[in-house]
Amino acid sequence: MKREYIIDYDWDEDTGTAICTIKKNSAVFIGKARCHPEDLDFLSEKVGYNIAGKRALTKMYKNERKKIETVIK
């Protein structure tokens with residue numbers, strides 16, 4: 001099954017911020033995750049990517065759901 005979207009990740013080690021950008025057709029969905037200052041010693045790029053990715057996917061799915069609900073009504 002071919003994926004219909006492009007996923008791009010970015011990591012800023014200085015701030016502990018992960019950003020996931022999903023591009024689907026002309027829409028762009030961005031998810032961000034930043035490490036809490038108390039947890040900087042446990043800082044993990046992979047965990048940040050995972051959280052940011054889930055947030056971006058959630059935005060994309062909500063958008064798809066909104067389109068479907070509009071068509072149904």
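For the pocket described here, Ala, Val, Leu, Ile, Met, Phe, Trp, Tyr, Cys and Pro count as nonpolar, Asp, Glu, Lys and Arg as charged, and the others, Gly among them, as polar. Sorted that way, the lining of the largest pocket comes out as seven nonpolar, four polar and two charged residues. Keep in mind that this is a predicted model.

**The pocket**

The largest pocket holds about 170 Å³ of space. Its lining runs to 13 residues, and those nearest the centre are Cys35, Ser44, Val47, Gly48 and Ile51. Two elements, β3 (27–34) and α1 (45–72), each put at least two residues into that lining. Helix α1 has the largest share, with three residues.

**The core**

Now for the greasy part. In soluble globular proteins, nonpolar side chains tend to be buried together. Here the largest nonpolar core has 11 residues: Trp11, Ala18, Cys20, Ile22, Phe29, Ala33, Tyr49, Ala52, Ala56, Leu57 and Met60. Strands β2 (17–24) and β3, along with helix α1, each chip in at least two of them. Once again α1 turns up as the top contributor, this time with five residues.

**Two residues and their contacts**

Ala33, one of the core residues, and Lys24, which sits in strand β2, make a handy pair to look at. The table leaves out partners up to four places away in sequence.

| Residue | Contacts |
|---|---|
| Ala33 | Gly16, Thr17, Ala18, Gly48, Ile51, Ala52, Arg55 |
| Lys24 | Glu4, Tyr5, Phe29, Met60, Glu64 |

Among the partners of Ala33 are Gly48 and Ile51, and both of those also lie nearest the pocket centre. Ala18 and Ala52 are on the Ala33 list too, and they belong to the core.

Is Lys24 buried or exposed? Lys24 has a relative accessible area of 14%, and since buried means under 20%, it counts as buried. Its partners include Phe29 and Met60, both of them core members, as well as Glu4 and Glu64.

**The cysteines**

Why does the structure hold zero disulfides? A disulfide is a covalent bond between the sulfur atoms of two cysteines. The sulfur of Cys20 has its closest cysteine sulfur in Cys35, 18 Å away, and because a disulfide needs the two within 2.5 Å, that is too far for a bond. Seen from Cys35, the closest cysteine sulfur is the one in Cys20, again at 18 Å and too far. Cys20 is part of the core and is buried, at 1% relative accessibility, while Cys35 is among the residues nearest the centre of the largest pocket.

Conventions:
Residues numbered from 1 in each chain as written. Predicted model: local features only at pLDDT ≥ 70, side-chain atom pairs only at ≥ 80, totals over all residues. Heavy atoms only, no water. 1 Å grid on protein atoms, 1.4 Å probe; cavity = no way out; pocket = protein on both sides within 12 Å on 5 of 7 lines; lining within 4 Å. Points joined across faces, edges and corners; volume = space filled by probe spheres on them. Helix = DSSP H or I, 4+ residues; strand = E, 2+ residues; numbered from the N terminus. Buried < 20%, exposed > 50% of the residue type's maximum accessible area, 1.4 Å probe, protein only. Core = buried A, V, L, I, M, F, W, Y, C linked by side-chain atoms within 4.5 Å. Contact = heavy atoms within 4.5 Å.
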